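Subject: Handover of a protein structure

Dear colleague,

Please find below the structure that I am handing over to you. I would be grateful if you kept it open while reading the notes that come after it.

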Amino acid sequence: RLLLVTGDLLLIITSIVGALLLWSTWAERIVNWALWREQALWALFIFTGWTLWLTFSNMYNLRLAITVAGSVSRIISGGVTIALAYLMLFFITSPAPIIGNPPSMFPPLTPGGLLPRLAPAIAIVGSTLLLLAWRVVYALALSGPLARRRVLILGAGKAGTIMHEVMREHDAHYQVLGFIDDDPEKQFTLVDGTPVVGCHERLPQLTRQYRVDEIIIAISSDVRGSMLQAIMDCYEQGIAIIPMPLLYEHLTGKIAVEHIGSQWYTALPLQQHAASNVLSIIKRLSDILFGLAGGIVFVVLCPLIAVAILLDSPGPIFYLQERAGLHGRSFQVRKFRSMIQNAEGNGQAQWAVKDDLRITRVGRFLRKTRLDELPQVINVLRGEMSLVGPRPERPQFIKQLQQQIPFYRIRLATKPGLTGWAQVNYGYGSTVEDALIKLQYDLYYIKHQAPWLDALIMLRTIGVVLRMKGQ
């Protein structure tokens with residue numbers, strides 16, 4: 001990811017600088033600080049546009065980055081989108097009078113008539129071509145056999161097979177050579193289609209035989225005695241030793257709560273940052289700022305949504321429901337009603353399911369666009385919720401799920417949010433298995449929460465809303 005980000009940013013900057021230098025030569029202008037200040041607006045627009053587009057279109061997903069077709073289509077779409085956005089902005093901000101002769105779309109090819117349109121055009125086309133070439137080279141190079149890390153997985157149990165499945169999804173980066181396991185019944189058999197090549201005593205010999213780059217430790221018990229010595233012998237040979245929970249976290253953006261065993265500390269944000277108080281203040285100020293902006297949207301759209309709800313089905317406009325917030329404190333969450341009245345007539349909490357018959361026609365639209373959550377800006381302004389965080393859950397479900405899923409109550413360690421890492425990666429869940437997967441994402445957010453991650457989640461949430469992918 002660091003290589004991708006660095007390459008993208010360098011090429012975008014190169015295209016902008018190159019476009020300005022090319023034009024300045026053609027227009028016989030001296031490149032100085034005054035010229036840079038004069039043209040800073042369009043340069044910043046193109047740079048910001050590409051940065052947002054690459055993030056918004058999930059171009060730093062490693063599985064997507066190694067597919068040529070997916071990368072090419074998204075880069076071309078980005079170039080077209082930025083070009084159209086620039087044209088719209090240019091005409092909106094043009095000083096030309098509304099009445100009279102409009103500015104010529106094709107100015108004369110003279111030094112004075114070319115700049116404000118030619119240099120940005122060169123930058124947009126140039127950045128698109130450079131990014132296309134770079135992404136294709138990246139995909140082809142890193143999908144080749146020489147770029148793949150040769151891996152042995154220590155442990156052929158549940159954790160090992162789960163890690164094997166994940167690494168299959170990243171097969172352009174990893175080649176799993178086999179499992180190491182001490183169970184005699186598994187020796188020299190196939191587990192998930194991959195051979196168990198030996199026990200831990202032969203680990204140093206096997207790493208030399210297979211030219212191994214990494215060993216993934218996928219056992220839940222403590223590593224001691226001869227196994228620890230075998231691992232240390234491999235480490236002295238220059239082989240990377242990586243615990244399964246950490247690699248799983250890096251590759252999936254989730255915490256493997258059911259497989260961390262004695263390494264429970266990998267699921268928790270144990271390290272206290274000196275700047276945590278400052279970050280908390282920044283987060284709260286952001287919540288207030290965006291809450292006020294969302295409040296304006298709420299005031300504008302509320303009458304229209306209210307009329308649509310009343311015409312579609314009888315019942316109240318708003319729906320209030322008890323949810324568990326920070327440290328388990330209860331509060332009333334506000335939503336636009338998207339289900340029929342008395343949807344839980346028996347008084348028992350029920351999960352909504354896909355194509356739930358209780359959802360109204362207007363409610364289905366509200367859920368797809370996530371407009372049903374808009375009244376929760378009130379909860380954000382009251383401090384009961386944040387803009388980004390784990391979605392607040394009902395106390396009844398928490399009581400049930402904490403008995404079935406390890407570490408479930410840890411999601412109460414931070415303020416719940418309007419949107420979250422689980423929502424942009426997984427969507428709605430209606431089973432215990434769904435709740436487990438969403439918890440893995442929530443714990444990843446709690447462990448790594450930072451302004452940059454909040455910004456990424458907000459960008460991807462905008463994409464969900466625009467594509468009507470809510471549920």
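The notes below describe the strands, some loop residues, a surface patch and the charged residues in turn.

Please bear in mind that this is a predicted model.

**The open sheet**

Strands of a sheet pair through backbone hydrogen bonds, either parallel or antiparallel. Here, 6 strands form an open sheet in the order S3-S4-S2-S1-S5-S6, and the pairing is mixed. Strand S3 (190-191) and strand S6 (240-243) are the edge strands, each of which pairs on one side only.

Both senses of pairing can be followed in the model. Strand S1 (residues 149-154) and strand S2 (residues 174-180) run parallel and are joined by 6 bridges. Within this pair, valine 151 stands opposite valine 176 of S2. S1 is also mostly covered, since 5 of its 6 residues are buried. By contrast, S3 pairs with strand S4 (residues 194-198) in the antiparallel sense, over 2 bridges. There, valine 191 stands opposite threonine 194 in S4.

**The hairpin of S7 and S8**

Strand S7 (residues 318-324) and strand S8 (residues 330-336) are an antiparallel pair with 7 bridges. Phenylalanine 318 has phenylalanine 336, in S8, as its bridge partner. This hairpin has 5 residues between the strands, and histidine 327 takes a positive phi near 60 degrees in it.

**Two further residues with positive phi**

Most residues other than glycine have a negative phi. Two loop residues are therefore worth locating in your viewer. Phenylalanine 188 is not a glycine, yet its phi is positive, at about 60 degrees. Phenylalanine 188 belongs to the loop between S2 and S3, and it counts as exposed because its relative accessibility is 62%. Arginine 211, also not a glycine, has a positive phi of about 50 degrees. Arginine 211 sits in the loop between helix H8 (203-209) and strand S5 (214-217). With a relative accessibility of 57%, arginine 211 counts as exposed.

**A nonpolar patch on the surface**

Which residues make the nonpolar surface patch? They are Ile281, Leu285, Ile288, Leu292 and Leu381, and the patch covers about 440 Å². Helix H11 (residues 276-312) gives the most to this patch, with 4 residues. Leucine 285 has its place in H11. Leucine 285 is exposed because its relative accessible area, 54%, is over the 50% cut-off.

**Salt bridges**

Side chains of opposite charge can pair when their charged atoms come close. The structure holds 11 salt bridges, and three of them are described here.

Aspartate 312 forms a salt bridge with arginine 361, and their closest N and O atoms are 3.0 Å apart. Aspartate 312 lies in helix H11 and arginine 361 in helix H12 (residues 361-369), so this pair ties together parts that are 49 residues apart in sequence. How do the two partners differ in burial, one being buried and the other exposed? Aspartate 312 is buried, with a relative accessible area of 18%, whereas arginine 361 counts as exposed at 67% relative accessibility.

Lysine 335 and aspartate 372 meet through their side chains in a salt bridge of 3.8 Å, N to O. This pair links distant parts of the chain, 37 residues apart: lysine 335 is in strand S8, and aspartate 372 is in the loop between H12 and helix H13 (377-381). Both lysine 335 and aspartate 372 are buried.

Glutamate 373 forms a salt bridge with arginine 391, with the closest N and O atoms 2.8 Å apart. Glutamate 373 lies in the loop between H12 and H13, and arginine 391 in the loop between strand S9 (386-388) and helix H14 (395-401), so the pair ties together parts that are 18 residues apart in sequence. Glutamate 373 and arginine 391 are both buried. Lys335, Asp372, Glu373 and Arg391 are linked in a network of salt bridges.

**A buried charge without a salt bridge**

Aspartate 434 is found in helix H16 (residues 432-448). How far away is the nearest side chain of opposite charge? That side chain is lysine 438, 8.2 Å away, and aspartate 434 is buried yet has no salt bridge. The side chain of aspartate 434 does have a polar contact of 2.5 Å with the side chain of tyrosine 426.

Yours faithfully,

A colleague

Note on methods: Residues numbered from 1 in each chain as written. Predicted model: local features only at pLDDT ≥ 70, side-chain atom pairs only at ≥ 80, totals over all residues. Heavy atoms only, no water. Pairing = 2+ DSSP bridges. Patch = residues over 30% accessible without salt bridge, like charges linked within 9 Å, V, L, I, M, F, W, Y side chains within 5 Å. Areas by Shrake-Rupley, 256 points an atom, 1.4 Å probe, with all protein chains shown as cover. Salt bridge = Lys/Arg side-chain N within 4 Å of Asp/Glu carboxyl O. Buried < 20%, exposed > 50% of the residue type's maximum accessible area, 1.4 Å probe, protein only. Lys, Arg positive; Asp, Glu negative; His and termini not counted. Polar contact = N/O pair within 3.5 Å; in protein donor to acceptor, adjacent residues only side chain to side chain.
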